[in-house]
Amino acid sequence: AQVIVNLFAAVPFIGPDLALLIRGDYVVGGATLNRFFAFHVIAVPLVLLGLVVAHIIALHEVGSNNPDGVEIKAKKDASGKALDGIAFHPYYSVHDIYAVGLFLMVFCAILFFGPELGGYFLEYNNFIPADPLKTPLHIAPVWYFTPFYSMLRATNDPLVNVLCGIVGLAGLVALLSVKGKARIAIAVLAVVAIALLKTFDAKFWGVVVMGGAVIILFALPWLDNSPVKSIRYRPQWHKVLYGIFVVFFVVLGYLGIQPPSDLGTLISQIGTIFYFGFFLLMPWWSTIGSFKQVPDRVTFSAH
């Protein structure tokens, strides 16, 4: 709870008051734990339920996609039903049952034979008796938060200086690429961005980086400008780039559970820059390469 509160405390100007509001007291106590418990068991499930309902509504409104990435709205029958839409059963139902079966096998194996999983699932700190006078040397979040926690720790003053250089270089390239009044707007935006980076401390930008790493995933449908949807018809180097992204993400997750070190911080900084570069440059690089021809209709062969 204290770690989460400290994240909000890093917000400029209103951080201390915001942290006090979240804690409900000047120190973490019963009010804080009650609020966090209510958030986890009431607020989060309600949000997830709303997302599930929205997904089902969208599924009924638009219909299921297809593995070939063929536009299902292009060809419809007399009743308006998409001819290239894939019925939920048996294609998706069988695939979902297969995925759920694999998940349950792994889940049961961990649950019955290795619930701690080397400290990744049940952290060792959970078995240390509570002592208000002694804090564990290294506190790491649960494993699915560790990549973003690694980005938070990697955001220090040297990385902020590197980001200033990247913003300045991007602004210079944009100035050389456009003409007219747009150049003035680009120059002003670059100067303002650099000024903001240098005005607030690295702790605040670490919180922004960690939150932005999650929020940017929601913008993925608008960032990907590839002329084809399915990975089957994309250039081979796109697949290599996806693989590098996965490797960096796993490395960030591993470094997030390790104690801080100079080498680990450097690798985390490189991984953080690659992570955001992957998404922010996606509107450009997703259109580059030799794409295969997408079939006019969905093709299927039994297997």
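Is Ser286 buried or exposed? I began my notes with this residue, and I should record at once that the model I am reading is a predicted one. Ser286 turns out to be buried, since its relative accessible area is 0%, and I found it in the segment after H12.

**Entry on Ser286**

I then looked up what surrounds this residue. Leaving aside neighbours within four places in sequence, I listed Leu223, Asp224, Asn225, Ser226, Pro227, His238 and Phe291 as the contacts of Ser286. Two polar approaches went into the notebook: the side chain of Ser286 reaches the backbone oxygen of Met282 at 2.5 Å, and a polar atom of that side chain lies 3.1 Å from the backbone nitrogen of Asn225.

**Entry on the overall chain**

I stepped back to the protein chain, for which I noted 12 helices and zero strands, so that I could place later residues by element. The C-alpha atoms fill a box of roughly 70 × 65 × 35 Å along the principal axes. Of the 303 residues in the chain, 24% are buried, and the accessible surface comes to about 20,600 Å², with 73% of that area belonging to carbon and sulfur atoms. When I took the contacts between residues at least 6 apart in sequence, I found that 65% of them join residues at least 24 apart.

**Entry on salt bridges**

How many salt bridges does the structure hold? I counted three, and I went through them in turn, bearing in mind that side chains of opposite charge can pair when their charged atoms come close.

The side chains of Asp68 and Arg232 meet at 2.8 Å, N to O. Asp68 lies in the loop between helix H3 (30–62) and H4, and Arg232 in the loop between helix H9 (220–223) and H10, so this pair ties together parts that are 164 residues apart in sequence. I noted that Asp68 counts as buried because its relative accessibility is 2%, under the 20% limit, whereas Arg232, at 43%, counts as partly exposed.

Lys229 forms a salt bridge with Glu71, and I read 3.1 Å between their closest N and O atoms. Here too the pair links distant parts of the chain, with Lys229 in the loop between H9 and H10 and Glu71 in the loop between H3 and H4, 158 residues apart. Both partners are partly exposed, Lys229 with a relative accessible area of 48% and Glu71 with one of 35%.

The pair of Asp224 and Arg234 also forms a salt bridge, with 2.8 Å between the closest N and O atoms. Both residues lie in the loop between H9 and H10, so the parts that this pair ties together are 10 residues apart in sequence. Asp224 is partly exposed at 25% relative accessibility, while Arg234, at 7%, counts as buried. I also went back to my list for Ser286, where Asp224 appears among the contacts.

**Entry on the nonpolar cores**

Which residues have the most contacts inside the largest nonpolar core? I wrote down Met151, Tyr275, Phe276, Phe278 and Phe279, within a core of 19 residues. The elements giving two or more residues to this core are helix H5 (146–154), helix H8 (202–215), helix H10 (236–256), helix H11 (262–280) and helix H12 (282–285). Apart from this core lies another, of six residues, which include Val160, Leu197, Ala202 and Phe204. I examined Phe276 further, and with residues up to four places away in sequence left out, Phe276 touches Met151, Val209, Gly212, Ala213 and Ile216.

**Entry on the surface**

On the outside I looked up a nonpolar patch of about 1,100 Å², made by Leu117, Tyr120, Phe121, Leu122, Tyr124, Phe127, Trp143, Tyr144, Phe145 and Tyr254. From this patch I picked Leu122, which has its place in the loop between helix H4 (88–113) and H5 and counts as partly exposed because its relative accessibility is 37%.

My last residue was Leu189, which I located in helix H7 (residues 182–199). Leu189 counts as exposed because its relative accessibility of 61% is over the 50% limit. Between Leu189 and Val167 I noted a C-alpha to C-alpha distance of 9.5 Å, with their positions 22 residues apart in sequence as the separation.

How values were computed. Residues are numbered from 1 along each chain as its sequence is written. This is a predicted model: local features need pLDDT of at least 70, side-chain atom pairs count only at pLDDT 80 or more; totals for chains, interfaces and linings use all residues. Side-chain values use heavy atoms; hydrogens and water are left out. A nonpolar core is a set of buried Ala, Val, Leu, Ile, Met, Phe, Trp, Tyr and Cys residues joined through side-chain atoms within 4.5 Å. Buried means under 20% relative accessible area, exposed over 50%, partly exposed in between (1.4 Å probe, protein chains only). Helices (H or I, at least four residues) and strands (E, at least two) are DSSP runs, numbered from the N terminus. Contact means heavy atoms within 4.5 Å. Patches are made of residues with over 30% relative accessible area and no salt bridge: like charges are joined within 9 Å, nonpolar side chains (Val, Leu, Ile, Met, Phe, Trp, Tyr) within 5 Å. Accessible areas come from the Shrake-Rupley method with a 1.4 Å probe; for residues, only the protein chains shown count as cover. A salt bridge is a side-chain nitrogen of Lys or Arg within 4 Å of a carboxyl oxygen of Asp or Glu. A polar contact is a pair of N or O atoms within 3.5 Å; within protein, one must be able to donate a hydrogen and the other to accept it, and residues adjacent in sequence count only if both atoms are side-chain atoms.
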